[in-house]
Amino acid sequence: MYPLVDLTLLTALMAVSGNFSDPNWSAPVSADIFLFIPVLVSFQMRPVLTAVSGVLAAASYVIGTFIGHLRQPYLHFTLLHGLFILVVCAGCVLLSDVQQHRVRSIRELAEHRLWLLDRIMAAEEREQRKIAEVLHDGALQNVLAARHFIDEAVCGPEVTDPLHRADEALTAASRQLRSSVRTLHPEVLVSGGLVHALEHLTQQASERGKFHGEVRSGITTAGSADRPLYWLAREILENVVKHAQAKNVLVSLQQVDPESVRLSISDDGVGISGDAMARSLSSGHIGIASHRARIEGMGGVFTLHSNESGGTTVEAVVPVG
């Protein structure tokens, strides 16, 4: 509605300043001024408001000019300029309509993209749970059975060094399988909460990446955001293990305000370039980009930046549901 207010003020100003009643009037500067009304409104992407403001601008110009020049009305000249304003208004209405449709299409595409990413991540989580169940019910049980048989052999009268080495290898394999199963199917998130799950992830990552990991938290849960934050932390810590070459990693979960929480993961590694996420996405890797879209789809804010002292910090601020 601001253009309509501007139109009223502009008409009043023109009338008070005497431009409508200039006896030597020949080139109507007011016509050029009134042209800006439909042009400005068109960029608000509201065709109806653009049309109304354009018609009112033409009417204000014609009526004001006619009243200001009753003695010598220049009727033909005035109507011609009023018609010109209406022609410009018609073009602005079309422009506004095109912009409105384009913005609507972009919004629909963005919503569809978020929907697809959410479906992809949900499918990935389902597949990971299935893999975890297969590992737990198959390979892990076989490894545990083999360990049981070796334990029986070790307790016998003839104990050989290869049996000890086999027992150690199977012990390590069972520990790794248990860890993988817990990561793929995070029952720790359900049973222990988000903070305990983050501690488990950080401990696993620190063992694999040979860095010191620390978790700091002022809260125990992020409500409905627990699972998205857990998967985001897993993705980030996996990247730290593979690429960061870090010595220290800090995972922080804090309350920002009564309605939102912040998950922050910071390392002192080699850092990351500003266009790394875009290059990763263009090469077909949607890992961090998909988590970013999911966080923003929840109404949250995702940031990734390099630290002044080296390394990278990833932050996600999400509403508490």
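**Notebook: a surface patch, a sheet and some charged pairs**

I began with the surface, where Ile 63, Phe 66, Ile 67, Leu 75 and Leu 79 form a nonpolar patch with about 480 Å² of accessible area together. Two elements give two or more residues to this patch: helix 3 (47–68) and helix 4 (75–154). Helix 3 gives the most, with three residues.

Before going on, I noted what I am looking at: this is a predicted model, in which local features need pLDDT of at least 70 and side-chain atom pairs count only at pLDDT 80 or more, while totals for chains, interfaces and linings use all residues. Residues are numbered from 1 along each chain as its sequence is written, and side-chain values use heavy atoms, with hydrogens and water left out.

I also wrote down the terms behind the patch. Its members need over 30% relative accessible area and no salt bridge; like charges are joined within 9 Å, and nonpolar side chains (Val, Leu, Ile, Met, Phe, Trp, Tyr) within 5 Å. Areas come from the Shrake-Rupley method with a 1.4 Å probe, and for residues only the protein chains shown count as cover. Helices (H or I, at least four residues) and strands (E, at least two) are DSSP runs, numbered from the N terminus.

I picked one patch member to check: is Ile 67 buried or exposed? Ile 67 lies in helix 3, and its relative accessible area of 54% makes it exposed. The cut-offs are under 20% for buried, over 50% for exposed and partly exposed in between, with a 1.4 Å probe and protein chains only.

**The whole chain**

Next I stepped back. I find 10 helices and five strands in the protein chain. Buried residues make up 35% of its 321 residues. The chain exposes about 18,500 Å², and carbon and sulfur atoms supply 61% of that area. I looked at contacts too (heavy atoms within 4.5 Å). Of those between residues at least 6 apart in sequence, 68% join residues at least 24 apart.

**Strand 3 and its neighbours**

I then followed strand 3 (residues 260–267), which is mostly covered, with six of its eight residues buried. Which strands pair with it? Strand 2 (residues 248–257) does so in the antiparallel sense over eight bridges, and strand 5 (residues 312–319) does so in the antiparallel sense over seven bridges. Pairing here asks for at least two DSSP bridges between two strands.

For landmarks, I marked Leu 263 in strand 3 as the bridge partner of Leu 253, and Arg 262 as standing opposite Val 317 in strand 5. A hairpin of two residues joins strand 2 to strand 3.

In the loop between these two strands I found Glu 259, which counts as exposed at 61% relative accessibility. What does Glu 259 touch, leaving out residues up to four places away in sequence? Its partners are Val 318, Pro 319 and Val 320. Glu 259 and Pro 319 are 60 residues apart in sequence, yet their C-alpha atoms are 5.6 Å apart in space.

**Charged pairs**

Side chains of opposite charge can pair when their charged atoms come close. I looked for salt bridges, meaning a side-chain nitrogen of Lys or Arg within 4 Å of a carboxyl oxygen of Asp or Glu. The structure holds five.

Arg 208 forms one with Glu 238, with the closest N and O atoms 3.0 Å apart. Arg 208 lies in helix 7 (residues 194–209) and Glu 238 in helix 8 (residues 226–244), so the pair ties together parts that are 30 residues apart in sequence. I also saw that Arg 208, Glu 238 and Lys 242 are linked in a network of salt bridges.

Back in the sheet, Arg 262 meets Glu 315 in a salt bridge (3.9 Å, N to O). Since Arg 262 is in strand 3 and Glu 315 in strand 5, this pair ties together parts that are 53 residues apart in sequence. Arg 262 is partly exposed at 30% relative accessible area, and Glu 315 is partly exposed at 24%.

**Cysteines**

A disulfide is a covalent bond between the sulfur atoms of two cysteines. My last check used a cut-off of 2.5 Å between cysteine sulfur atoms. How many disulfides does the whole structure have? The search finds zero. Cys 89 is in no disulfide, and its nearest cysteine sulfur, that of Cys 92, is 6.7 Å away. Cys 89 is buried at 5% relative accessible area, and Cys 92 is buried at 7%.
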